[in-house]
Amino acid sequence: MLYEKQQGSAAIGRRSCLVLPRCWICDQVPSGGIRDGIRLKKAFICSGCERIIVQSDVASGQYQIFINRLKKILL
Ligand SMILES: [Zn+2]
């Protein structure tokens with residue numbers, strides 16, 4: 001009971017100081033905010049794009065587009 005209450009207030013606290021990130025790849029703001037994806041240096045990648053990157057075929061054109069974008073973040 002007490003644990004639940006603490007968890008609830010922590011979630012509210014996080015939400016109040018939440019800065020909504022914009023995905024570096026698809027340019028969308030994920031509904032779950034900063035927790036709905038990964039941060040890569042200063043860039044943010046939403047969980048949807050993260051999944052696409054992980055599942056992309058290395059030989060596919062889509063994968064190359066992602067890699068080129070990621071290079072801009074990392075280099
Ligand atoms: Zn995205």
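**Exercise 1. Strand pairing**

Determine how strands β1 and β2 of this predicted model are joined, and in which direction they run.

Solution. Step 1: take β1, residues 37–40, and find its bridges to β2; there are four, and the two strands run antiparallel. Step 2: pick out one pair. Arg39 has Phe44 in β2 as its bridge partner. Step 3: look at the connection. Two residues lie between β1 and β2, and the strands form a hairpin.

**Exercise 2. Positive phi values**

Two residues other than glycine, Asp27 and Lys41, have a positive phi. Locate each and decide whether it is buried or exposed.

Solution. Step 1: Lys41 has a phi near 55° and sits in the loop between β1 and β2. Step 2: count the neighbours of Lys41. There are 8 other C-beta atoms within 10 Å, and the cut-off for exposed is 12 or fewer, so Lys41 is exposed. Step 3: Asp27 has a phi near 65° and belongs to the loop between α1 (2–16) and β1. Step 4: for Asp27 the count is 9 other C-beta atoms within 10 Å, so Asp27 is exposed.

**Exercise 3. The nonpolar core**

List the residues of the largest nonpolar core and find which element supplies the largest share.

Solution. Step 1: the core has six residues, namely Trp24, Ile25, Phe44, Ile45, Cys46 and Cys49. Step 2: strand β2, residues 43–46, contributes three of them, the largest share. Step 3: examine one member, Trp24. Leaving out residues up to four places away in sequence, Trp24 touches Ala43, Phe44, Ile45, Arg69 and Ile73. Step 4: set the core against the whole protein, where buried residues make up 11% of the 75 residues.

**Exercise 4. Helix α3**

Check the length of helix α3 (residues 61–74) against the expected span, and state how many of its residues are buried.

Solution. Step 1: α3 has 14 residues, and at 1.5 Å a residue the helix should span 20 Å. The span uses one less than the number of residues. Step 2: the end C-alpha atoms of α3 are 20 Å apart, which agrees with the expectation. Step 3: the count of buried residues in α3 is zero, so the helix is hardly covered.

**Exercise 5. Overall layout**

Give the order of helices and strands along the sequence, and the share of contacts that join residues at least 24 apart.

Solution. Step 1: the protein has three helices and two strands. Step 2: along the sequence they follow the pattern α-β-β-α-α. Step 3: take the contacts between residues at least 6 apart in sequence; 19% of these join residues at least 24 apart.

How values were computed:
Residues are numbered from 1 along each chain as its sequence is written. This is a predicted model: local features need pLDDT of at least 70, side-chain atom pairs count only at pLDDT 80 or more; totals for chains, interfaces and linings use all residues. A nonpolar core is a set of buried Ala, Val, Leu, Ile, Met, Phe, Trp, Tyr and Cys residues joined through C-beta atoms within 7 Å. A residue is buried if 20 or more other C-beta atoms lie within 10 Å of its own, exposed if 12 or fewer, and partly exposed in between; C-beta atoms are placed from the backbone. Two residues are in contact if their C-beta atoms, placed from the backbone, lie within 7 Å. Two strands pair if DSSP finds at least two bridges between them.
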